[in-house]
Amino acid sequence: MIKNYLITFWKVLQRNKFFTFVSLFGISITLMVLIVLSAVYDSTFGSHGPEKNKENLLYVFGGTFRNDKNNSRMRGSASYYFYDQTLRKMKLPERVSILSLPSSVTCYSGDHKITAMRKYTDADFWEVFSFDFIKGKPYSFQDVDLANKVVVVDRTTALQYFGTTECLGKTMKIDGFDFTVRGVIKETSINQTFPFANIYQPFTTAGTDYLEKRINGSFVGVIQVKDRANRDDVKAEYHKTLQTFQFPNPDEWSNVASFADSYLEVFTRNLLRGEENTHIGLFILIIVVLILLFMSFPALNLVNINITRILERASEIGIRRSYGASVKTLLMQFLIENILITLLGGIIGFLLALIVIYLINASGIFPFFFLTVNFPVIVYALFFSLLFGILSGVYPAYRMARMNIVDALKS
Amino acid sequence: MIELVDIEKVFQTKTIETVALKEIRLNVKKGEFASVMGPSGSGKSTLLNIMGLLDNPTRGDVVYDGTSPAKMGDEKLSQFRNQKVGFIFQSFHLINDLTAFDNVELPLLYRKTKSSERKKLVREALEKVGLANRMDHYPSQLSGGQKQRVAIARAIVGSPEVILADEPTGNLDSGIGEEIMNILIRLNTQEKTTIVMVTHDESLALKTHRIIRLFDGHQVS
């Protein structure tokens with residue numbers, strides 16, 4: 001039976017090459033876009049690069065600070081002081097790191113101007129995240145305590161500044177100061193917001209009073225849990241710790257809504273402006289609806305093409321029905337044929353996606369943005385192909401299978 | 001074997017009602033070779049379609065050896081048709097994308113028949129119609145007579161109890177038509193296959209056991 005279906009499928013493809021081309025073109029382009037977007041999703045939310053153990057990390061992106069007296073509020077990142085007084089008081093986490101958001105910095109190698117993104121971190125940062133060091137190692141707890149002027153740079157910055165990655169112990173001038181290179185790491189993609197930067201410095205070299213008792217600032221926190229299973233306990237502990245936080249100036253800010261979230265929760269809470277609620281369900285619903293809408297246009301196009309092909313195969317349907325094919329059998333046959341063509345389109349789309357991803361990575365059109373194709377993306381590709389095949393195949397298959405036998409034979 | 005009880009078929013459009021068959025009472029015995037004759041529009045093909053369970057009567061019943069298949073669901077009815085009935089059409093109705101072998105194999109695909117058994121039955125069927133040497137040919141590579149012989153092989157491959165042939169020689173010249181008729185006669189006499197054949201050709205009809213004549217949807221003999 002399968003051989004018969006495959007032979008018929010292949011012959012139908014060849015019968016009207018224009019229809020086949022239009023079908024495959026529509027499917028492959030649609031799936032190419034979806035696969036590239038899957039790669040973006042996986043690159044952003046999956047466990048990659050320095051966030052290899054993302055499922056064991058919780059992120060604290062500041063919060064919403066409120067003044068209960070005059071109802072004013074401030075939403076965003078917070079000061080080093082805030083995290084020092086909250087995250088570092090917790091008992092359950094394996095480790096806690098306080099780091100700044102990346103900011104632009106300009107340094108000069110001779111006359112050559114280099115613009116890079118810099119991040120201030122503590123020493124725990126290098127324990128929480130798993131960077132791939134090409135050369136050297138991270139700065140130590142002692143370096144941070146002593147505010148030693150040391151840096152870790154990524155490979156691109158090392159090549160831009162020194163012309164080589166063999167730069168351990170060499171100095172680079174940043175903000176008028178000489179910093180010694182301790183280590184060189186592989187580049188991190190910019191969509192890995194928390195670990196991303198080109199230059200990393202101890203926060204004690206920031207030149208500002210990071211321990212000043214204030215709320216607003218440009219720092220965020222990351223918590224490494226001992227076990228994924230006790231993430232909820234850690235979240236609860238953070239919430240409890242916030243209750244004991246002493247606001248340095250209650251006349252300015254007296255209340256805070258802040259959460260230890262998974263990366264996806266951070267994203268959805270900030271995107272959808274959720275205070276108490278992450279709105280993760282709403283985000284997923286929006287994504288699903290957008291994907292279905294995006295797929296529906298080419299799917300409808302394919303439905304139309306498939307219905308047009310019904311007339312070409314009406315006689316065949318009549319013959320098969322005459323000889324014992326039930327409606328269900330025919331429905332399965334045509335659905336399988338449609339899934340085969342969408343899988344074929346999916347393979348073409350996947351190859352096109354690989355080309356697009358290569359071009360995105362190689363062109364540098366999105367600075368510091370890297371995509372990879374790995375197993376989850378391949379699974380997404382297969383899933384979308386099958387979904388597309390079913391969406392675009394069910395109705396035409398149903399119409400074909402239920403055709404009146406006598407009318408089908410006459411056509 | 002096949003009993004048609006008070007069969008009536010009315011085709012209804014928005015504006016016109018056409019009575020294709022009226023008060024048809026018919027009994028086809030096992031091993032019989034009956035032909036159905038009548039002018040164009042007398043309801044011959046409609047009668048055959050109803051007999052072959054390809055169409056439902058507006059009123060009345062079709063009974064196969066005491067069983068009324070009309071009451072069956074689509075799955076059971078399809079299986080019943082597959083087991084009991086073989087069709088031969090005037091326009092051959094072969095699937096052009098499949099070889100002669102694959103066309104003949106078609107009815108067996110809708111049964112739980114092993115691949116080796118299917119191959120054996122298909123070869124035997126093609127040998128019976130004298131086309132064993134053409135099994136890898138496509139319909140476009142066959143003459144009209146050869147196509148009809150492939151269609152006959154397809155009709156008999158599953159050893160159905162009855163073969164319904166709708167003007168099997170209608171698109172063939174008299175010489176080839178004669179060959180086809182001889183195959184059908186051989187199937188009836190040697191294999192005891194029940195055959196009901198629609199034909200316009202009196203000379204062929206006279207070779208059958210009985211002639212059923214229709215006129216304006218009525219059975220006149």
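This is a walk through a two-chain model, one selection at a time. The model is predicted, so treat everything below as a description of computed coordinates.

**Stop 1: the two domains of chain A**

Start with chain A and colour it by domain. The assignment gives domain 1 as residues 2-47 plus 281-410, and domain 2 as residues 62-260. Put a centroid on the C-alpha atoms of each domain, and you should find 45 Å between the centres. Now look at where the two touch: domain 1 of chain A brings five residues to the contact, and domain 2 of chain A also brings five. What classes of residue does domain 1 of chain A show on the side that touches domain 2 of chain A? That side has three nonpolar residues, two polar ones and no charged ones.

**Stop 2: a helix pair in domain 1**

Stay on chain A and select helix H9 (residues 280-312) together with helix H12 (residues 375-401). Their axes lie 9 Å apart, and the packing angle is about 30°. An angle under 35 degrees counts as roughly parallel, which is why H9(A) is called roughly parallel to H12(A). The crossing of this pair is right-handed.

Show side chains next. H9(A) enters the contact with A:Met295, A:Ala299, A:Leu302, A:Val303, A:Asn306, A:Ile307 and A:Ile310. Facing them, H12(A) offers A:Phe388, A:Leu391, A:Ser392, A:Gly393, A:Tyr395, A:Pro396, A:Arg399 and A:Met400. Sorted by class, the contact of H9(A) with H12(A) comes to eleven nonpolar, three polar and one charged residues.

**Stop 3: a sheet in chain A**

Move over to strands E2, E3 and E13 of chain A. They form an open sheet of three strands in the order E3-E2-E13, with antiparallel pairing. Which strands are at the edges? They are E3 (73-76) and E13 (255-257) of chain A, each pairing on one side only. Going from one strand to the next, the twist averages 20°.

Zoom in on E2 (residues 63-66) of chain A and E13(A), which run antiparallel and are joined by three bridges. For a landmark, pick A:Arg66, whose bridge partner in E13(A) is A:Asn255.

**Stop 4: where the chains meet**

Bring chain B into view. 19 residues of chain A are in contact with 20 residues of chain B. To see where chain A's side comes from, select helix H1 (2-15), helix H10 (314-322), helix H11 (327-363) and helix H13 (405-410) of chain A, each of which supplies at least two residues. The side of chain A that touches chain B divides into nine nonpolar, seven polar and three charged residues.

**Stop 5: a sheet with a helix on it, chain B**

Hide chain A and select strands E1, E2 and E4 of chain B. Here is another open sheet of three strands, in the order E2-E1-E4 and with antiparallel pairing. E2 (17-28) and E4 (59-64) of chain B are its edge strands, and the twist averages 20° from one strand to the next. Five bridges link E1 (residues 2-12) of chain B to E4(B) in the antiparallel sense. One spot to label is B:Ile2, with B:Tyr64 in E4(B) as its bridge partner.

Now add helix H1 (residues 44-51) of chain B. This helix packs on the sheet and touches E1, E2 and E4 of chain B. Its direction makes about 120° with that of E1(B).

**Stop 6: a parallel pair and a hairpin**

Still in chain B, select E3 (residues 33-37) and E8 (residues 210-215). The two strands pair in the parallel sense over four bridges, and B:Val36 stands opposite B:Ile212 in E8(B). Follow E8(B) to E9 (residues 218-219) of chain B: these run antiparallel and are joined by two bridges. B:Phe215 has B:His218 in E9(B) as its bridge partner. The hairpin has two residues between the strands, and B:Asp216 there takes a positive phi near 50°.

**Last stop: a helix pair in chain B**

Finish with helix H3 (residues 100-109) and helix H5 (residues 144-156) of chain B. Their axes are 7 Å apart and the angle is about 30°, so H3(B) is roughly parallel to H5(B). The crossing is right-handed. B:Ala100, B:Asn103, B:Val104, B:Leu106 and B:Pro107 of H3(B) meet B:Val150, B:Ala153 and B:Arg154 of H5(B). By class, that contact has six nonpolar, one polar and one charged residues.

How values were computed:
Residues numbered from 1 in each chain as written. Chains lettered and ligands numbered in written order. Predicted model: local features only at pLDDT ≥ 70, side-chain atom pairs only at ≥ 80, totals over all residues. Domains from an automatic or database assignment. Contact = placed C-beta atoms within 7 Å. Nonpolar A, V, L, I, M, F, W, Y, C, P; charged D, E, K, R; others polar. Axes fitted to C-alpha atoms, helices over the stretch in contact; angles between N-to-C directions. Parallel < 35°, antiparallel > 145°, perpendicular 65-115°, else oblique. Left-handed = near helix turned anticlockwise from the far one by under 90°. Pairing = 2+ DSSP bridges.
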